[in-house]
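Got your viewer open and a hand on the mouse? Let's take a walk through this model together, one selection at a time.

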Amino acid sequence: MWKYILFRTVQSVVVLFAVSSVAFVLMHLMPGNPWASIGMTEEQYKWVDEQKHLHGLDLPLYEQYFRWLKGLAKGYLGVDYNFVPIGDYIWWNAKNSFFLLGIAWLLTLLVAIPWGIHNSTKPYGVSDRTALFLSVIGFSVPGFVLGYWLQQIFSMQLLWLPPSGMHTPSKEGELWDLIQHMILPVATLAIGMLAYYLKFVRDGMMEVLDDGFLMTARAKGASERRVIYVHALKNALIPVITLIALDIPVLISGSAIVENVFNWPGLGTLMVTSALKRNFPVLIAIIMIVSGVVVLANWAADMLYTLVDPRVRATGKKSMAK
């Protein structure tokens, strides 16, 4: 098992290295000069050249890459094209994005797992049909459209919730004000995710409930609650773990759209602003942060497989033995 964990860890590091190489080269090959479109004076151009030399931005591309990679290994993301250290502000945006995503994801699981289990035990009932209707909405309506609808209904017409931002200017730091600003973007993300997770949990449970090992558990005297929530759920969660790992990049891209709809100060908003300003070092930093989260999520999913399904653990041992 430990050899398998080491193998997956090394594999993850190699993937991150490949992503960093491709992202760095592609971003530096993008056309356009971020300083050419702002009408600088000769003195300002001279200052820019001095700063570029100071931070090594005038070095050959391969030297810039290895210098950047060395800093990245130490947690230093470099400077943007305003020569401000990217780490001074990007982690604040990352915290806001992952906080929003984490709340939406946790809320989705808290609703989808028990609701999906209930629907699998009573298929085609009112609850199951309601879940199917919500799933159709989640599958068919894009996030930015759903966010706009919620914004128009609850903010513009009913005036129940703030339309955008993270805080009211006069109430920064207040928890209740933050919660009010989070409701609409979290609901937009959660409704989209709920469509997938409800279907996977419900279908996975219905497949497992017909398996013979559950009859054996019942014959041994296990209660129906234990059969469903321990034996059946443990096996039904395997595809859900896969979905979570594969869904991370989709969630982050969807979060970027939702952040721009609600003007939430996260990585998505920063990414759009940086792209418009051709601030490529910031884009590279965002790509690396997102890639790191995706790779870590896939690594964690593989580790969960070894805990949930003994067959995966055995397969990992056999593959490493070969």
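Here is a tour that starts with the whole chain and then goes stop by stop.

**Stop 1: the whole chain**

Keep in mind that you are looking at a predicted model. Colour the protein chain by secondary structure and you should find 12 helices and 0 strands. Follow the sequence and the pattern reads α-α-α-α-α-α-α-α-α-α-α-α. Now switch to colouring by accessibility: of the chain's 322 residues, 39% count as buried. Take the contacts in the chain with a separation of 6 or more, and 72% of them join residues 24 or more positions apart.

**Stop 2: the nonpolar core**

Next, select Ile90, Leu189, Tyr197, Met205, Leu267 and Ile286 and show their side chains. These are the residues with the most contacts inside the largest nonpolar core, which has 51 residues. Which elements give two or more residues to this core? Colour these: helix 4 (90-121), helix 6, helix 7, helix 9 (224-262), helix 10 and helix 11 (280-308). Helix 7 supplies the largest share, 12 residues. There is also a second, separate core of 9 residues, and you can find it by selecting some of its members, including Phe24, Met27, Tyr81 and Phe280. As background, nonpolar side chains tend to be buried together in soluble globular proteins.

**Stop 3: Leu267 and its surroundings**

Centre the view on Leu267. What is Leu267 in contact with, leaving aside neighbours within four places in sequence? Select Ile90, Asn93, Ala94, Ser97, Phe98, Glu259, Ile286, Ile289 and Val290, and you have its contacts. Two of these, Ile90 and Ile286, join Leu267 among the residues with the most contacts inside the largest core.

**Stop 4: helix 4 against helix 10**

Stay here, but show helix 4 and helix 10 as ribbons. Their axes are 7 Å apart, and the two helices pack at an angle of about 130 degrees. The two helices are therefore oblique to each other. To see the contact itself, light up Ile90, Asn93, Ala94, Ser97 and Phe98 on helix 4, then Leu267, Gly268 and Leu270 on helix 10. Sorted by class, that contact has 5 nonpolar, 3 polar and no charged residues.

**Stop 5: along helix 10**

Now select helix 10 by itself, residues 267-276. Its buried residues are Leu267, Gly268, Thr269, Leu270 and Ser274.

Pick out two threonines in this helix. Thr269 lies in helix 10, and its relative accessibility is 18%, so Thr269 counts as buried. Not counting residues up to four places away in sequence, Thr269 touches Glu259, Asn260 and Trp264. Thr273 is in helix 10 too, and is Thr273 buried or partly exposed? With a relative accessible area of 34%, Thr273 is partly exposed. Try a distance label from Thr273 to Leu283: the C-alpha atoms are 9.7 Å apart, with the two positions 10 residues apart in sequence numbering.

Go on past the end of the helix to Arg278, in the loop between helix 10 and helix 11. Arg278 is not a glycine, yet its phi is positive, about 55 degrees. For context, most residues other than glycine have a negative phi. Arg278 is partly exposed, with a relative accessible area of 35%.

**Stop 6: helix 6 against helix 7**

Swing over to helix 6 (residues 143-157) and helix 7 (residues 175-208). Their axes come within 9 Å and cross at roughly 140 degrees, which makes helix 6 oblique to helix 7. The crossing is right-handed. For the residues that meet, select Gly143, Leu146, Gly147, Leu150, Gln151, Phe154 and Ser155 in helix 6, plus Leu184, Ala187, Thr188 and Ile191 in helix 7. By class, this contact has 6 nonpolar, 5 polar and no charged residues.

**Last stop: Leu159**

Finish in the loop between helix 6 and helix 7, where you will find Leu159. Leu159 has a positive phi, near 60 degrees, and is a residue other than glycine. Is Leu159 buried or exposed? Its relative accessibility is 65%, so Leu159 counts as exposed.

Conventions:
Residues are numbered from 1 along each chain as its sequence is written. This is a predicted model: local features need pLDDT of at least 70, side-chain atom pairs count only at pLDDT 80 or more; totals for chains, interfaces and linings use all residues. Side-chain values use heavy atoms; hydrogens and water are left out. Axes are lines fitted to C-alpha atoms, for helices over the stretch in contact, and angles run from 0 to 180 degrees between N-to-C directions. Helices (H or I, at least four residues) and strands (E, at least two) are DSSP runs, numbered from the N terminus. Angles under 35 degrees count as roughly parallel, over 145 as roughly antiparallel, 65 to 115 as roughly perpendicular and the rest as oblique. A crossing is left-handed if the near helix is turned anticlockwise from the far one by less than a right angle, and right-handed if clockwise. Contact means heavy atoms within 4.5 Å. Ala, Val, Leu, Ile, Met, Phe, Trp, Tyr, Cys and Pro count as nonpolar, Asp, Glu, Lys and Arg as charged, and the others, Gly among them, as polar. Buried means under 20% relative accessible area, exposed over 50%, partly exposed in between (1.4 Å probe, protein chains only). A nonpolar core is a set of buried Ala, Val, Leu, Ile, Met, Phe, Trp, Tyr and Cys residues joined through side-chain atoms within 4.5 Å.
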